[in-house]
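Reader: I would like to go through this structure with you and ask what lies behind each label. Could you show it to me?

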Amino acid sequence: MYDIMLGRDIGDQIKFLSIDTHQARHPWPPETIVSAGKGVVVQRHPKPGEPRTHTTFFMEIYPPGAAFIRSEGQTPAECEDSAWAQYQHALDCTDGTGRHDWESRGYRNGAGFCSRCNTFDPQVFTGEQLGQHCRVCQTGTTCHWETDEATGQVSFLCADHCPPLEGLASNPMTARSPDP
Ligand SMILES: [Zn+2]
Ligand SMILES: [Zn+2]
């Protein structure tokens, strides 16, 4: 496996930051890319009696033949088991081809979910596939959209015609000349 944070091949020794190295329990393919650590999860709506925050081990994995996987667990082993189960589920779904049955579920930023195994991928759809075209130049876009409050109509803008981000307007690299 290749650790994206350490920037090197780690074999089957998964390094969770701040704790000892965890020996992988499952036969991940060598080309699997991983990033693992320990972090704080904030619950937006904790149930009564539940703490608002808890620490968890987490793994983010890009395995061959499946999309991005994220898992959490109380221990590195639990975390890895969860990731492995998701990976097997995804491989079963695609027969190893990597092809899921993507649906956008209303997302306009190009993200997709598999209708069969629920795998999430932040970049599946193009603007053309979603039927989203820049209102200035008609290029397909997942970059920017806005809703007309009066009509409820949604319109789209490509990267070239996006309004400049707050605070970047004075940057000559991002300043835009007005459209002709
Ligand atoms: Zn799937
Ligand atoms: Zn445009």
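Author: Happily, and let me start with a definition: buried means under 20% relative accessible area, exposed over 50%, and partly exposed in between, with a 1.4 Å probe and protein chains only. Both Cys-93 and His-100 are buried. This is a predicted model, in which local features need pLDDT of at least 70 and side-chain atom pairs count only at pLDDT 80 or more, while totals for chains, interfaces and linings use all residues. Residues are numbered from 1 along each chain as its sequence is written, chains are lettered from A and ligands numbered from 1 in the order in which they are written, and side-chain values use heavy atoms, with hydrogens and water left out.

Reader: What makes an atom a donor of the zinc ion (ligand 1), and which residues supply the donors?

Author: Donors are N, O and S atoms within 2.8 Å of the metal (3.2 Å for Na, K and Ca), and sites may look incomplete since water is not among the atoms. For the zinc ion (ligand 1), the protein donors are Cys-93 (SG), His-100 (ND1), Cys-114 (SG) and Cys-117 (SG), at 2.1 to 2.4 Å. Along the chain, these donor residues have the spacing C-x6-H-x13-C-x2-C.

Reader: Why is the site of the zinc ion (ligand 1) called tetrahedral?

Author: Four donors count as tetrahedral if all angles lie between 85 and 135 degrees; four count as square planar and six as octahedral if opposite donors are over 155 degrees apart and all others between 65 and 115, and anything else is irregular. The four donor atoms of the zinc ion (ligand 1) have angles of 96 to 114 degrees, and the site is therefore tetrahedral.

Reader: What makes the arrangement around the zinc ion (ligand 2) tetrahedral?

Author: Its protein donors are Cys-134 (SG), Cys-137 (SG), Cys-158 (SG) and His-161 (ND1), 2.0 to 2.3 Å away. These four donor atoms subtend angles of 101 to 115 degrees, so the arrangement is tetrahedral. The spacing of the donors along the chain is C-x2-C-x20-C-x2-H. Cys-137 lies in the loop between α2 (127-130) and β11 (144-147), and His-161 in the segment after β12 (154-157), so the pair ties together parts that are 24 residues apart in sequence.

Reader: Why is Cys-137 called partly exposed?

Author: Its relative accessibility is 33%, so Cys-137 counts as partly exposed. Gln-138 is found in the loop between α2 and β11. At 52% relative accessibility, Gln-138 counts as exposed. Phi of Gln-138 is near 70 degrees, a positive value in a residue other than glycine.

Reader: What counts as a helix or a strand, and how many of each are there in the protein?

Author: Helices (H or I, at least four residues) and strands (E, at least two) are DSSP runs, numbered from the N terminus. By that rule the protein has two helices and twelve strands. Their order from the N terminus is β-β-β-β-β-β-β-α-β-β-β-α-β-β. Of the 180 residues in the protein, 30% are buried.

Reader: Why does Thr-32 count as buried, and what is it in contact with?

Author: Thr-32 has 0% relative accessibility, so it counts as buried. It lies in the loop between β4 (21-23) and β5 (33-42). Contact means heavy atoms within 4.5 Å. Leaving aside neighbours within four places in sequence, Thr-32 is in contact with Met-1, Tyr-2, Ile-61, Tyr-62, Pro-63 and Pro-64.

Reader: What makes Arg-8 and Arg-105 partly exposed?

Author: Arg-8 counts as partly exposed because its relative accessibility is 45%. Arg-8 lies in strand β2 (residues 8-9). For Arg-105 the value is 41%, so Arg-105 counts as partly exposed. The place of Arg-105 is in the loop between β8 (102-103) and β9 (112-114). Leaving aside neighbours within four places in sequence, Arg-105 is in contact with Phe-113, Cys-114, Ser-115 and Asn-118. Phi of Arg-105 is near 50 degrees, a positive value in a residue other than glycine.
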